[in-house]
Amino acid sequence: MVSDSLSINSQGHLAVSGADTVSLAAKYGTPLMVYSEDGVRRNCRKFVSSIQDNYDGNGLALYASKAFSCLEMYRICDSEQMGVDVVSGGEIHTALKAGFPAEKILFHGNNKTPAELGLALDAGVGRYVVDNFPEMELLDRLAGEKGVRARVLLRITPGIDAHTHDFIKTGLIDSKFGFTLETGEALDAVRRVLKKANLDFVGVHCHIGSQIFDIDPFEHAALVMLGFIRKIKDELGFEPAELNLGGGFGVKYLDDDDPEDFTEYMRRVAAVVKEKCAEEGLRVPFILIEPGRSIVGAECVTLYTVGGVKRIPGVRTYVSIDGGMADNPRYILYQAAYQITCANKANEPRDTYVTLAGKCCESGDLIQENAPLQRVEPGDIVAVMTTGAYNYSMASNYNRIPRPAVLMVSGGKERLIIRRETNDDLLRLDI
Ligand code: LLP
């Protein structure tokens with residue numbers, strides 16, 4: 001199974017943290033997203049304890065909430081001693097409404113608006129990752145107007161290829177994000193931020209991509225960034241205290257996927273950082289990391305009810321479900337691989353190959369092609385696994401399809417954390 005939270009119970013049904021998914025589908029309807037709260041918390045703890053164990057607790061793990069943002073996720077992160085990374089006024093608002101402490105929020109984004117920065121400054125958001133010069137000017141001016149100070153890290157584009165999908169490579173020189181290292185822009189940014197009256201420059205940030213399985217690119221990024229810290233110290237006589245290495249740790253979508261355990265990542269990166277600091281005569285920096293997918297990705301399955309099954313001899317079999325690209329646009333966007341299973345026939349062999357088709361009025365609305373599945377018929381429940389990250393958060397109302405309900409399961413007991421959108425909800429903004 002792609003996650004330890006999944007099992008097959010005595011009835012041959014797929015279970016999430018002990019809860020029978022077929023019963024959940026009957027009780028709450030489909031499409032339905034079922035998260036393992038136990039799994040999410042286990043992942044949070046892994047990140048927090050890996051910093052304790054390998055880095056003397058001198059750091060903070062921040063959940064990158066773009067992966068899945070809702071009130072309950074911020075409450076869980078708070079109770080697990082994590083910070084959060086937010087990328088919009090909407091995420092800040094949700095975090096604050098959940099009672100998340102503002103000082104443990106870090107604000108990202110390549111085009112933060114004046115309204116978003118104003119909201120963050122009023123709330124006392126703890127860190128800003130400044131992405132570009134106009135934003136630096138704007139933040140300094142707004143902080144001055146409000147009579148507050150902003151703690152700033154600068155987003156650096158370190159030029160590292162993390163061998164991942166082209167669309168989600170963000171650390172390369174050709175990137176909309178951050179200040180480029182190679183061109184001298186990054187050092188110039190430090191020079192300028194140090195002169196800002198209302199900004200406290202505390203560190204540097206990089207993020208090299210997403211769904212990365214190897215540890216090497218992270219080690220490499222840490223070395224490049226420490227090299228930059230050394231350069232800042234030498235040329236500007238200032239040593240930033242914080243190093244943020246971003247997120248990007250891979251998860252299992254398919255049984256064959258083999259991501260490195262995060263504990264191993266932190267062990268190796270911590271060793272490289274400490275060694276390089278000793279070599280370069282630098283203080284060991286406070287470390288920040290921003291895992292998103294690896295906290296929630298593999299801890300959720302989406303359940304759908306099978307409608308039509310269309311067999312085209314010699315071509316393929318389409319299995320139509322009551323969801324699709326509106327709740328999961330990742331196949332249409334990235335050709336993302338998913339493992340699928342029939343939740344009510346989980347013990348039977350997956351010996352047919354099908355195209356799982358969504359219900360949107362669009363041929364490309366597919367969730368998976370040529371994927372092994374049990375023999376299914378109308379009324380069966382199909383589970384798509386590893387849908388916890390960037391699914392609900394990227395969902396839309398295309399074709400005026402309401403968004404699914406979302407459950408969290410702990411110790412076999414479920415609770416609703418996001419109710420199903422209704423047709424009336426779809427009208428709430430219409431005039
Ligand atoms: N920090 C920064 C600055 C980021 O840009 C991201 C993700 C993260 C942290 C979290 O990365 P993670 O640990 O989740 O890999 N929609 C795409 C993924 C986009 C990732 C964007 N940035 C997908 O569905 O695969």
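Hi everyone, this is a short walk through the two domains of this structure, the interface they share, the ligand site and the salt bridges.

A quick word on the ground rules. This is a predicted model, in which local features need pLDDT of at least 70 and side-chain atom pairs count only at pLDDT 80 or more, while totals for chains, interfaces and linings use all residues. Residues are numbered from 1 along each chain as its sequence is written, and side-chain values use heavy atoms, with hydrogens and water left out.

Let's start with the domains. Domain 1 covers 6–36 + 297–420 and domain 2 covers 37–296; these bounds come from an automatic or database domain assignment. Their centres, taken over C-alpha atoms, are 32 Å apart.

So how many residues of each domain are in contact? Domain 1 brings 29 residues and domain 2 brings 24, where contact means heavy atoms within 4.5 Å. The two domains bury about 2200 Å² between them, with 53% of it on carbon and sulfur atoms. Buried area here is the accessible area (1.4 Å probe) that two parts lose on being put together, summed over both.

Across this interface there are 18 residue pairs in polar contact, both residues being at pLDDT 80 or more. A polar contact is a pair of N or O atoms within 3.5 Å; within protein, one must be able to donate a hydrogen and the other to accept it, and residues adjacent in sequence count only if both atoms are side-chain atoms. There are also two salt bridges between the domains, meaning a side-chain nitrogen of Lys or Arg within 4 Å of a carboxyl oxygen of Asp or Glu. Arg415 forms a salt bridge with Glu72, with the closest N and O atoms 2.9 Å apart.

Now, the ligand. It is surrounded by 19 residues, and the closest are Ser210, Glu290, Arg293, Arg330 and Tyr390; a residue counts as near if one of its heavy atoms lies within 4 Å. In the side chain of Tyr390, an N or O atom is 2.6 Å from a ligand oxygen. Arg293 uses a backbone N or O atom, 2.8 Å from an oxygen atom of the ligand. Tyr334 places a polar side-chain atom 2.8 Å from a ligand nitrogen.

Finally, the whole structure has 35 salt bridges. In one of them, Lys112 pairs with Glu135, and the closest N and O atoms are 2.7 Å apart. Lys112 lies in the loop between β7 (105–107) and α5 (114–123) and Glu135 in helix α6 (residues 133–146), so this pair ties together parts that are 23 residues apart in sequence. Helices (H or I, at least four residues) and strands (E, at least two) are DSSP runs, numbered from the N terminus.
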